[in-house]
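Biologist: Could we go through this model together? I would like to hear the reasoning behind each label you use.

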Amino acid sequence: MLHTGHEDEPVDGFDVEAQDGKIGSIDESTNGGGDGYLVVDTGFWIFGKKRLIPAGVVERIDYDDSKVYVTMTKDQITSAPDLAE
């Protein structure tokens, strides 16, 4: 991941850009190193499911446009485990 001086800034609410387009937004995130995760709210894509994906899939974060780019496709994200609420 790029070091831009924003590493401690939260990304909650940022749009999630999969390799094949926007899939939803970040509902929750942790930055616990290799154990970090993102909760992606897929909104209308699959009836508002929240999917849990590892933080390690983040390719880059655009703080100016509030977007998180990940190395997964939409299908991979929608196939990720549900967040148990």
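Biologist: Gladly, let's start with the sheet: how many strands does it have, and in which order do they lie?

Modeller: Keep in mind that this is a predicted model. Its open sheet has six strands in the order E4-E3-E2-E1-E6-E5, and the pairing is mixed.

Biologist: What makes E4 and E5 the edges?

Modeller: Strand E4 (50-54) and strand E5 (58-62) each have a single partner strand, so one side of each is left without a neighbour in the sheet. As for the twist, neighbouring strands are turned by 35 degrees against each other on average, direction ignored.

Biologist: Why do you call the pairing mixed?

Modeller: Look at strand E1, to begin with. E1 (residues 15-18) pairs with strand E6 (residues 67-70) in the parallel sense, whereas E1 and E2 run antiparallel. Strand E3 (residues 37-41) and E4 are also paired in the antiparallel sense.

Biologist: How do you know that E1 and E6 count as paired?

Modeller: Two strands pair if there are at least two bridges between them, and E1 and E6 have three. Within this pairing, Val 16 stands opposite Val 68, and Glu 17 has Tyr 69 as its bridge partner.

Biologist: And which numbers support the antiparallel pairs, E1 with E2 and E3 with E4?

Modeller: Four bridges join E1 to E2, and E3 and E4 share five. With a threshold of at least two bridges, both are pairs. Asp 15 stands opposite Ser 25 in E2, and Leu 38 has Ile 53 in E4 as its bridge partner. E1 and E2 also form a hairpin, with two residues between them.

Biologist: Which residues of E4 lie on its covered face, and which on its uncovered one?

Modeller: Arg 51 and Ile 53 make up the covered face, while Lys 50, Leu 52 and Pro 54 are on the uncovered one. In a regular strand, side chains alternate between the two faces of the sheet.

Biologist: Now the aromatic residues: what makes Phe 14 and Tyr 63 an edge-to-face pair?

Modeller: Ring centres must lie within 6.5 Å, and planes over 60 degrees apart count as edge-to-face. Phe 14 and Tyr 63 are 5.9 Å apart centre to centre, with 75 degrees between the planes, so both conditions are met. A search of the whole structure finds one aromatic pair. Phe 14 lies in the segment before E1 and Tyr 63 in the loop between E5 and E6, so the pair ties together parts that are 49 residues apart in sequence. Phe 14 and Tyr 63 are both buried.

Biologist: How do you know that the charge of Arg 60 sits over the ring of Tyr 69?

Modeller: The distance limit is within 6 Å of the ring centre, and the charged end of Arg 60 is 3.9 Å from the centre of the Tyr 69 ring.

Biologist: How many salt bridges does the search find, and why does the contact between Lys 67 and Glu 17 qualify?

Modeller: There are four in the whole structure. The limit is a nitrogen within 4 Å of a carboxyl oxygen, and Lys 67 and Glu 17 meet at 3.9 Å, N to O. This pair links distant parts of the chain, with Lys 67 in strand E6 and Glu 17 in strand E1, 50 residues apart.

Biologist: Why is Glu 17 called buried, but Lys 67 partly exposed?

Modeller: Buried means under 20% relative accessible area, and partly exposed runs from there up to 50%. Glu 17 has 15%, so Glu 17 is buried; Lys 67 has 24%, so Lys 67 counts as partly exposed.

Biologist: What other salt bridges can you show me?

Modeller: Among them, Asp 27 and Lys 50 meet at 3.2 Å, N to O. Asp 27 is in strand E2 (residues 21-29) and Lys 50 in strand E4, 23 residues apart. Asp 15 and Lys 22 meet at 3.5 Å. Asp 15, at 24% relative accessibility, is partly exposed, and so is Lys 22, at 40%.

Biologist: To finish, what makes Val 57 buried?

Modeller: Its relative accessible area is 13%, and the limit is under 20%, so Val 57 is buried. Val 57 is in the loop between E4 and E5 and touches Tyr 69, Val 70, Thr 71 and Met 72.

Conventions. Residues numbered from 1 in each chain as written. Predicted model: local features only at pLDDT ≥ 70, side-chain atom pairs only at ≥ 80, totals over all residues. Heavy atoms only, no water. Axes fitted to C-alpha atoms, helices over the stretch in contact; angles between N-to-C directions. Phe/Tyr/Trp six-rings, centres within 6.5 Å; stacked < 30°, edge-to-face > 60°. Buried < 20%, exposed > 50% of the residue type's maximum accessible area, 1.4 Å probe, protein only. Lys NZ or Arg CZ within 6 Å of the ring centre and 35° of its normal. Salt bridge = Lys/Arg side-chain N within 4 Å of Asp/Glu carboxyl O. Contact = heavy atoms within 4.5 Å. Lists of a residue's contacts leave out its neighbours within four places in sequence.
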